[in-house]
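Subject: Structure for your review

Dear colleague,

Please find below the structure that I am handing over to you. I would be grateful if you could keep it open while you read the notes beneath it.

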Amino acid sequence: LRHNDNPPVQKGKSKSAEDLVDRQLPELLFHMEELRLLVRKYSQVLQRYYVQYLAGYDAVSLHHGMQSLSVCPEDESIILSSLYNVIASLSVKQVEDNEVFDFRALRLDWFRLQAYTSVGKASLNLAEHKELASLIDTIGFHTKMVDYLDELLVETSDLSIFCFYSKMFEDQFHMCLEFPAQNRYIIAFPLICNHFQNCTHELCPEERHHIRERSLSVVNIFLEEMSKEAKNIITTICDEQCTLSDKLLPKHCAG
């Protein structure tokens with residue numbers, strides 16, 4: 001997107017604008033939206049899985065990793081014990097009772113542990129225990145799958161960048177509209193307009209109104225174009241059916 005209008009200059013054969021056009025992009029966008037919807041719809045299933053994973057595997061692995069440490073200062077030991085106790089106490093019943101999870105403190109403790117073990121002459125050097133570091137980092141990700149799912153979706157599949165490249169966004173929409181094989185995926189474009197709100201930031205609240213208005217204007221344009229195209233297709237089909245029906249009238253029978 002950023003280099004579409006001004007592609008980087010390369011030695012030898014330069015790329016034309018047509019080389020950057022992907023006719024299958026609407027299909028990719030549609031399936032991304034479909035996956036996002038499924039993740040939200042079955043969020044409790046994901047929570048159940050990762051809660052069991054944290055308590056049944058991660059906690060056991062962390063306990064073994066802690067026992068294998070030859071040296072562990074008091075501060076680091078307190079943090080590791082806290083991490084273990086938090087994930088070992090999890091149960092599926094908490095998910096079934098719709099308990100609100102919050103593992104931000106656990107992830108902050110992981111940052112503190114990294115800070116303690118990264119200073120010079122630290123008794124416990126995390127670089128010498130890569131498996132333990134990798135395990136705790138993985139635990140941090142697993143906790144996000146329980147209490148930070150919406151934010152993870154934004155981090156991994158946010159398409160709000162189209163808000164700032166509206167011309168190219170509209171060009172892709174019209175290309176999809178004109179390409180019969182991709183017509184079925186065109187609903188992805190109005191759905192992506194919902195991502196525009198992710199552009200906003202709490203430090204710039206005045207932008208919210210402007211971005212919301214832009215989102216509404218773009219989605220209205222898309223829906224209007226889609227309705228016009230649907231009307232044209234239905235009109236063409238009706239005309240064809242009328243023509244076929246007219247040919248069945250008695251006046252067209254062989255005398």
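The notes below cover helix packing and then four individual residues.

Please bear in mind throughout that this is a predicted model.

Helix packing

Two packed helices are described by the angle between their axes and the distance between the axes. Helix H5 covers residues 104-116 and helix H6 covers residues 130-147; their axes are 10 Å apart and the angle between them is about 160 degrees. H5 and H6 are therefore roughly antiparallel to each other, since an angle over 145 degrees counts as such. Their crossing is left-handed.

Which residues bring H5 and H6 together? On the H5 side they are Arg104, Leu106, Arg107, Trp110 and Leu113. On the H6 side they are Ala133, Ile136, Asp137, Ile139, Gly140, Thr143, Lys144 and Asp147. Sorted by character, the residues of this contact comprise six nonpolar, two polar and five charged.

H6 also packs against helix H7, which spans residues 149-157; here the axes come within 6 Å and cross at roughly 110 degrees. That angle makes H6 roughly perpendicular to H7, because the range for this description is 65 to 115 degrees. From H6, the residues involved are Phe141, Lys144, Met145 and Asp147, and they meet Leu149, Leu152 and Glu155 in H7. This contact is made up of four nonpolar and three charged residues, with no polar ones. Lys144 and Asp147 of H6 thus appear in the contact with H5 and in the contact with H7.

Residues in helices

Leu132 is located in helix H6. Its relative accessibility is 8%, so Leu132 counts as buried, the limit being under 20%. Setting aside neighbours within four places in sequence, Leu132 is in contact with Leu62, Gly65 and Leu69. Leu62 is 70 residues away from Leu132 along the chain, yet their C-alpha atoms are separated by 7.3 Å.

Tyr50 belongs to helix H2, which runs over residues 43-67. Is Tyr50 buried or exposed? With a relative accessibility of 15%, Tyr50 counts as buried. Apart from neighbours within four places in sequence, Tyr50 is in contact with His142, Met145 and Val146. By contrast, the C-alpha atoms of Tyr50 and His129 are separated by 25 Å, and these two residues are 79 apart along the chain.

Residues in the loop between H9 and H10

His195 is found in the loop between H9 and H10. At 2% relative accessibility, His195 counts as buried. What does the side chain of His195 join through a polar contact? The partner is the side chain of Glu33, at 2.5 Å. Beyond neighbours within four places in sequence, His195 is in contact with Glu33, Arg36, Ser157, Asp158, Leu159 and Ser160.

Thr200 also lies in the loop between helix H9 (188-192) and helix H10 (207-247). Thr200 is buried as well, with a relative accessible area of 17%. Its side chain reaches the backbone oxygen of Gln197 at 2.7 Å. If residues up to four places away in sequence are not counted, Thr200 touches Arg208 and Ile211.

In going through the model, you may wish to begin with H6, which packs against H5 and H7 and holds Leu132.

Yours sincerely,
A colleague

Key: Residues are numbered from 1 along each chain as its sequence is written. This is a predicted model: local features need pLDDT of at least 70, side-chain atom pairs count only at pLDDT 80 or more; totals for chains, interfaces and linings use all residues. Side-chain values use heavy atoms; hydrogens and water are left out. Axes are lines fitted to C-alpha atoms, for helices over the stretch in contact, and angles run from 0 to 180 degrees between N-to-C directions. Helices (H or I, at least four residues) and strands (E, at least two) are DSSP runs, numbered from the N terminus. Angles under 35 degrees count as roughly parallel, over 145 as roughly antiparallel, 65 to 115 as roughly perpendicular and the rest as oblique. A crossing is left-handed if the near helix is turned anticlockwise from the far one by less than a right angle, and right-handed if clockwise. Contact means heavy atoms within 4.5 Å. Ala, Val, Leu, Ile, Met, Phe, Trp, Tyr, Cys and Pro count as nonpolar, Asp, Glu, Lys and Arg as charged, and the others, Gly among them, as polar. Buried means under 20% relative accessible area, exposed over 50%, partly exposed in between (1.4 Å probe, protein chains only). A polar contact is a pair of N or O atoms within 3.5 Å; within protein, one must be able to donate a hydrogen and the other to accept it, and residues adjacent in sequence count only if both atoms are side-chain atoms.
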